[in-house]
Amino acid sequence: MEKRTLGKTGWSLSAISFGAIKLSRISLNECDALLNRALDSGINFIDTADCYGDSEEKIGQVLKKRRREFYLSTKVDERDRAGVRAKLDRCLRRLRTEWIDLLFFHDVRGGEYERIFSTGGLEELQKARQKGEITHIGISIHNNLAMMRQAVESGVFSVLMVAYSALDEDRLTADLLPLAASKDVGLVAMKPLAGGRLADIPAGGWDAARFHGESPAQIALRYVLSNPHICCAIPGMMARNELEENLRVGRRPRKLSAEEIKEFMALAVEAGKGFCRNCGYCLPCPEGIPIPDIFRYENYYRQYGLKDWAKEQYRALASNAQACSDCRTCTEKCPYGVSIPSGLKKAHNLLMHP
Ligand code: SF4
Ligand code: SF4
């Protein structure tokens, strides 16, 4: 399995690592088989989050005897001291471990970045680090490039988790990823298959012979790993065939040819039409609707089965899709042809459904 160094942590991680977001959709026995197979096959990094259903509990139960064989990261949604402390205790308990290698502030957005610093959350994690409960502090940010830059330049975070796939090429590669690398901030690529969209391209028309016999998912992963600044990709996995398919990419590293990249990007662009990439170019909405966040919650609901969490997040929004006045200023700004007002309505119906 190809290994790469994760920035200043110095850890050598498997280029294909394990995204545990979908574990809540399978049984404990299936998790047992899948996670043990992953470790046996050379994967040495597992990423989960407090909000991924019972993913933490399952990892804790099935891997407690193998804890020293892999790096483990989880994430907390809280920003203040008491919230972070309570959540960290719960993570340690559910994961049945004495230490967490990497603790992320999860999905930081809006004014939350400042709150990490001003309400004691960061200080609490720094204390936890001194006590050996965690080893490194990371941050995951979905759609705010300016915030990503700020986080990288702060020197506070060892690792930045970014949504990075062939569909995110233009907005991240120009300066953010090289900047992070220059500051020795490790980069973990989440959503390397764009929530599964890239694994499905194109409906019925994939010519594997043009891609060394590989599948769209494998080429999508190779594409992400072709960026030298990325340490590892963490595709979400819940089935043995997905694991084996992804493993082949890490076990047999190869460079994509210029023709493969050209052809794959054309297919990716086609597959990505009308798909929200969470870039945030459509903001601000005059009604204060957090457009990309809403599409992300919808995606978490549909693709990852995190129904309760997605509904909870949506229902807590100060302004939701119902406030849309159909002014269309957002659609003019969206470079990817997303039908925003109608898409928001669909998401609203889904997320408000009892
Ligand atoms: S709706 Fe369009 S502009 Fe807005 S975040 Fe999604 S892809 Fe970007
Ligand atoms: S159409 Fe709706 S979502 Fe788009 S900017 Fe106008 S109010 Fe906001």
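D107 forms a salt bridge with R296, and the closest N and O atoms of the pair are 2.9 Å apart. That is a handy place to start reading this predicted model, since the pair leads straight to the question of how the two domains meet.

**Two domains and their interface**

The domain assignment splits the protein into domain 1, residues 3–271, and domain 2, residues 291–352. Taken over C-alpha atoms, the centres of domain 1 and domain 2 are separated by 24 Å. How many residues of each domain are in contact with the other? On the domain 1 side there are 16, and they touch 13 residues of domain 2.

The size of an interface is often given as the accessible area lost when the parts come together. Here, the area buried between domain 1 and domain 2 comes to about 1,300 Å², with carbon and sulfur atoms giving 47% of it. Three residues stand out in this area: I21, R109 and G195 supply 33% of what domain 1 buries against domain 2, more than any other three residues. As for charged pairs, the rule finds two salt bridges across the interface of domain 1 and domain 2.

**The sheet**

Strands of a sheet pair through backbone hydrogen bonds, either parallel or antiparallel. In this model, eight strands make up an open sheet, and their pairing is parallel. Reading across the sheet, the order is β3-β4-β5-β6-β7-β8-β9-β10. Which strands sit at the edges? They are β3 (18–19) and β10 (232–233), each of which pairs on one side only.

Inside that order, a closer look at one pair is useful. Strand β7 (residues 134–140) and strand β8 (residues 159–163) run parallel and are joined by three bridges. If you would like an anchor point for this pair, take G138, whose bridge partner in β8 is V159.

**The two ligands**

Next come the surroundings of the ligands, set side by side below.

| Ligand | Residues around it | Nearest residues | Classes in the shell |
|---|---|---|---|
| Ligand 1 | 13 residues | C276, C279, G280, C282 and C334 | ten nonpolar, two polar, one charged |
| Ligand 2 | 14 residues | C285, C324, C327, T329 and C330 | nine nonpolar, two polar, three charged |

Among the residues that come nearest to ligand 1 are the cysteines C276, C279, C282 and C334. Ligand 2 has C285, C324, C327 and C330 among its nearest residues, along with T329. Which elements give two or more residues to the shell around ligand 2? These are the helices α14 (329–333) and α15 (340–352).

Conventions. Residues numbered from 1 in each chain as written. Chains lettered and ligands numbered in written order. Predicted model: local features only at pLDDT ≥ 70, side-chain atom pairs only at ≥ 80, totals over all residues. Heavy atoms only, no water. Pairing = 2+ DSSP bridges. Helix = DSSP H or I, 4+ residues; strand = E, 2+ residues; numbered from the N terminus. Near = heavy atom within 4 Å. Nonpolar A, V, L, I, M, F, W, Y, C, P; charged D, E, K, R; others polar. Domains from an automatic or database assignment. Contact = heavy atoms within 4.5 Å. Buried area = accessible area lost by both parts, 1.4 Å probe. Salt bridge = Lys/Arg side-chain N within 4 Å of Asp/Glu carboxyl O.
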